[in-house]
Amino acid sequence: MRHPSLLLVALLVACGGGSASMTPAPRAPGGAASITAADVTRRIGIIADDSMLGRATPSHGLEMTAGYAAAEFRRLGLRPAGDAGSYLQRYPLSISRFDPAQSWVRAIGHAAAVWQVGPDLPLMQGEPSGDVSGAGVVILVGDSSQGVTIPPGAVTGKMVVVVFGPAIDGIAGALVQQKPAGVFLVAAMPDEMWSKMPGKTPSIRVVNPSEGGLAIPPVFAVRRAAFTPWLVRAGVDTTLLDVHGPMHIVAAPGASIDFHVDQRRVSGESAPNVMGVLEGSDPVLRNEYVLFTGHMDHIGTPGSGEGCSALGADSICNGADDDGSGSVTVLELAEAFATAPVRPKRSVAFLLVSGEERGLWGSGYWVGHPTLPIANVVADLNIDMVGRNAPDTLAVIGREHSDLSATLDQVAGRHPELGLHAMGDLWPSEGLYGRSDHYNFARKGIPILFFTTGIHPQYHAVTDEPALIDADKMMRIGRLIYYLGETIANAPTRPAWDPASRARIVEPAQAP
């Protein structure tokens with residue numbers, strides 16, 4: 001159902017994001033008090049409305065959302081921090097059409113088999129560089145947290161079998177660098193999760209050419225129960241799939257793989273990030289920035305190629321929590337700082353990115369093409385899914401990596417009225433540290449905290465609707481993050497990394 005406020009959004013976008021011709025709404029008290037449950041509800045109703053069609057990257061709904069955010073930043077008097085004096089930064093995309101019916105994967109040798117791309121082997125991601133013939137098969141086994149050993153050339157030109165799980169984040173970069181022909185991602189998924197897997201039907205495939213020189217090979221998902229018998233016929237001891245210890249390569253001697261992926265480029269487009277800055281009050285510290293981030297994109301509709309599945313007549317994945325809640329919180333924080341009676345000493349910056357659901361694209365582009373001096377960004381406070389689950393619980397990912405954790409505890413202790421327990425990572429097996437936009441900032445050496453209330457049954461489903469958002473909880477989380485950001489912005493020294501964490505996260509990312 002269309003919310004009346006969406007008519008206002010359409011007018012704002014049609015007028016280039018301006019607001020001068022409209023009578024402003026009565027302004028709430030400044031600072032943290034301006035973050036209210038009513039305002040949260042109003043903004044969620046705009047960003048997660050059906051008319052936004054799930055805000056896929058790219059899409060008209062995403063552009064509408066970016067226009068709305070830019071108009072809000074302008075209304076609040078923030079300095080534009082996008083391209084060419086605007087609030088928007090754009091990055092290029094390449095659009096292709098994927099047809100699973102015209103694609104195929106087959107095994108030859110002792111373990112001959114034919115799989116149907118889509119139902120049997122969804123194509124999760126990747127760009128085919130051409131047909132593959134006679135690729136050998138290797139298994140990557142072990143736990144990436146115990147170390148990764150991939151000898152040069154061990155996976156080049158081969159199909160690599162990897163078990164789905166948190167270990168993937170630790171091996172993806174090393175794996176892609178060696179240019180495998182493709183990846184079989186073996187997953188023990190329940191029916192409900194498998195049904196939401198992207199890559200089963202004809203769809204638009206979107207590639208971000210700005211990601212750098214490492215092309216991602218085709219990654220096919222396969223259910224473990226269906227794949228294990230084939231591995232046995234290929235001469236693989238399948239108990240290796242559950243082996244712990246340092247990661248290493250095991251050959252599958254009994255098979256090789258041919259495949260063809262029908263994917264054709266149809267157009268080139270671009271996608272937006274939106275950024276505004278409130279200048280600090282100190283003549284020296286105003287040149288440093290506390291950054292607040294959230295992603296304004298979601299997974300669109302079934303035709304967007306991001307895994308949205310229809311449920312009855314509903315075919316729009318609205319993403320009210322993921323990440324309408326984070327986007328709204330960033331906008332609420334912008335209003336809180338803009339209306340506060342006293343500006344903090346450091347500048348505060350507000351960045352809404354797109355492409356997060358496709359692979360952290362918008363934040364990855366920003367850190368590679370920063371519109372502020374990236375060395376002067378002292379902290380990133382990232383907000384992704386903060387509108388659900390227990391009313392008194394907030395997970396804060398990345399606590400162990402910097403002294404921001406101690407600052408958060410001090411701030412939370414001063415504000416018991418918020419009724420929030422700011423805990424650490426409640427779901428370590430989910431690998432959340434590498435799954436939202438803060439990760440790109442951390443790899444650039446910026447201390448981060450990632451605020452989330454976690455996964456729920458409506459995650460990436462059409463049922464992630466505004467009506468399920470806990471606006472009161474979002475209000476309290478927004479106020480906590482405001483107080484934390486204010487404290488960081490007024491502190492005499494910058495936040496500091498834990499040395500061991502910096503050596504593990506930052507230094508490898510910065511190595512040539």
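**Briefing on a predicted protein chain**

At 29% relative accessibility, Arg90 falls between the 20% limit for buried and the 50% limit for exposed, and therefore counts as partly exposed. The model in which this residue is seen is a predicted one, with an average pLDDT of 89 over the protein chain and a score of at least 70 for 92% of the residues. Over residues 1–28, however, the pLDDT is below 50, although this stretch still has 38 contacts in the model beyond near neighbours in sequence.

**Arg90 and its surroundings**

- Arg90 belongs to strand S2, which covers residues 88–98.
- Leaving aside residues up to four places away in sequence, Arg90 is in contact with Glu63, Asp83, Ser270, Ala271, Pro272 and Tyr365.
- One of these partners, Tyr365, is among the buried residues of helix H9, whereas Arg90 itself is partly exposed.
- Asp49 stands 41 residues from Arg90 along the chain, and the C-alpha atoms of these two residues are separated by 24 Å.

**Helix H9**

- Helix H9 spans residues 361–368, and because six of its eight residues are buried, the helix is largely enclosed by the rest of the structure.
- The buried residues of H9 are Trp361, Gly362, Ser363, Tyr365, Trp366 and Val367.

**Overall fold**

- The secondary structure of the protein chain consists of 13 helices and 18 strands.
- For 512 residues, a compact globule would be expected to have a radius of gyration near 24 Å, and the 23 Å computed for the protein chain agrees with this.
- Taken along the principal axes, the box filled by the C-alpha atoms is roughly 75 × 50 × 40 Å.
- When contacts are considered between residues at least 6 apart in sequence, 83% of them join residues that are at least 24 apart.

**Burial, surface and charge**

- Of the 512 residues in the protein chain, 54% count as buried.
- The protein chain exposes about 20,300 Å², and 57% of this area is supplied by carbon and sulfur atoms.
- There are 38 positive and 50 negative side chains in the protein chain, and the centres of these two sets lie 4 Å apart.

**Backbone features to inspect**

- Most residues other than glycine have a negative phi, and most peptide bonds are trans.
- The bond joining Thr57 and Pro58 is a cis peptide bond with omega of about -5 degrees, and Pro58 is found in the loop between helix H2 (37–47) and helix H3 (60–75).
- A cis peptide bond also runs from Asp322 to Asp323, where omega is near -10 degrees; the place of Asp323 is in helix H7, which covers residues 320–339.
- Leu53, which is not a glycine, has a positive phi of about 50 degrees; this residue is found in the loop between H2 and H3 and is partly exposed, with a relative accessible area of 47%.
- Asn389 likewise has a positive phi, near 65 degrees, in a residue other than glycine; Asn389 is found in the loop between strand S15 (377–383) and strand S16 (393–397), and at 35% relative accessibility it counts as partly exposed.

Notes
Residues are numbered from 1 along each chain as its sequence is written. This is a predicted model: local features need pLDDT of at least 70, side-chain atom pairs count only at pLDDT 80 or more; totals for chains, interfaces and linings use all residues. Side-chain values use heavy atoms; hydrogens and water are left out. Helices (H or I, at least four residues) and strands (E, at least two) are DSSP runs, numbered from the N terminus. The radius of gyration is taken over C-alpha atoms; the globule rule is 2.2 Å times the number of residues to the power 0.38. Buried means under 20% relative accessible area, exposed over 50%, partly exposed in between (1.4 Å probe, protein chains only). Contact means heavy atoms within 4.5 Å. Accessible areas come from the Shrake-Rupley method with a 1.4 Å probe; for residues, only the protein chains shown count as cover. Lys and Arg count as positive and Asp and Glu as negative; His and the chain ends are not counted. The place of a charge is taken as NZ of Lys, CZ of Arg, CG of Asp or CD of Glu. pLDDT is the predictor's confidence in each residue, from 0 to 100.
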